[in-house]
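Colleague: Could you take me through this model and explain how each label is earned?

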Amino acid sequence: AEDFTPIPVEKLFCRTETSIGSVSPNGKYYAVMAPVEGNVCDIEKSDYLGRSKDILVLINLETGEAKRLSGTDQKSRLRNFIWLDNESLAVQRDSAAGIDSYSIYRLTLDGKTQKLVDVEQPKNRGGVIYPAIFSTLPQDKSRILITRNRFPANASSYRDLYSLNIKSKKRELLASVPELPNEEHMQWIVDNDGSPRGFTSM
């Protein structure tokens, strides 16, 4: 048998150099979440528990130039993103931002932000109504699909499907979660045009 060096056990618990990453629709840019502190491979000290701070980095695939699009403080830290078009992304803030971490923002490649959907706290009622990005629409760059919980006290159930116009910020209800005796609605099924065609349940 050939000689080999065993993989150190701490490497099996090593946090990757980058996490979420995706290429822009035109293939020119690569956006990725990367830890500021660099890679951590210490099984005695969990970087997850230490809240390792990630930043959003934009890489020009033609020139190799990297540009930082987010910060590390509570006001500028991000937790996820998705490309809207070749010039902007939809992003959500880190949980350190509190309830606003569920709001959805549009972030342009030059660093400008615009709130697309806000978290709603109905007056005289407990709970919140928060949006979640469901999908972008390759056939229609002017809209994205989002879900919102119908009942403020129940954030994970009855998440109705909406179309959101990025420019006007107006939303249109596309489908409501039906009453399902002895079943639970799980996921919407939509076609390439963003029209709901069905759903899964369990």
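**Labels and their definitions**

Modeller: The protein has 14 strands and zero helices, where helices (H or I, at least four residues) and strands (E, at least two) are DSSP runs numbered from the N terminus. This is a predicted model, in which local features need pLDDT of at least 70, side-chain atom pairs count only at pLDDT 80 or more, and totals for chains, interfaces and linings use all residues. Residues are numbered from 1 along each chain as its sequence is written, and side-chain values use heavy atoms, with hydrogens and water left out.

Colleague: What makes strand 7 and strand 8 a pair?

Modeller: Two strands pair if DSSP finds at least two bridges between them. Strand 7 (residues 104-108) is joined to strand 8 by four bridges, so the two strands pair, and they run antiparallel. Within this pairing, L107 has T113 in strand 8 as its bridge partner.

Colleague: Why are strand 5 and strand 8 called edge strands?

Modeller: They belong to an open sheet of four strands with the order 5-6-7-8 and antiparallel pairing. Strand 5 (78-85) and strand 8 (113-117) each have a single partner strand, so one side of each is left without a neighbour in the sheet. The twist in this sheet averages 30° from one strand to the next, with axes as lines fitted to C-alpha atoms (for helices over the stretch in contact) and angles running from 0 to 180 degrees between N-to-C directions.

Colleague: Which strands stand at the edges of the sheet with the order 9-10-11-12?

Modeller: That open sheet of four strands also has antiparallel pairing, and its edge strands are strand 9 (131-136) and strand 12 (171-175), each of which pairs on one side only. Its neighbouring strands are turned by 35° against each other on average, with direction ignored. Strand 9 pairs with strand 10 (residues 143-149) over five bridges in the antiparallel sense, and I146 in strand 10 is the bridge partner of I133.

Colleague: Why is Q92 called buried?

Modeller: Buried means under 20% relative accessible area, exposed over 50%, and partly exposed in between (1.4 Å probe, protein chains only). Q92, which is in strand 6 (residues 88-93), has a relative accessible area of 6%, and therefore counts as buried. The side chain of Q92 reaches the backbone oxygen of Y102 at 3.1 Å.

Colleague: How do you know that F199 is partly exposed?

Modeller: F199, found in strand 14, has 33% relative accessibility, so F199 falls in the range between buried and exposed. The C-alpha atoms of F199 and H185 are separated by 7.3 Å, although the two residues are 14 apart along the chain.

Colleague: What makes the largest pocket a pocket, and which residues are closest to its centre?

Modeller: On a 1 Å grid over the protein atoms alone, a cavity is a set of points where a 1.4 Å probe fits but cannot get out, whereas a pocket is an open set with protein on both sides within 12 Å along at least five of seven lines. About 330 Å³ of space lies in the largest pocket. Lining residues have an atom within 4 Å of a point; of the 17 that line this pocket, the closest to its centre are S156, Y158, R159, H185 and M186. Strand 13 gives the largest share of the lining, four residues.

How values were computed: Grid points are joined across faces, edges and corners, and a volume is the space filled by probe spheres set on the points. A polar contact is a pair of N or O atoms within 3.5 Å; within protein, one must be able to donate a hydrogen and the other to accept it, and residues adjacent in sequence count only if both atoms are side-chain atoms.
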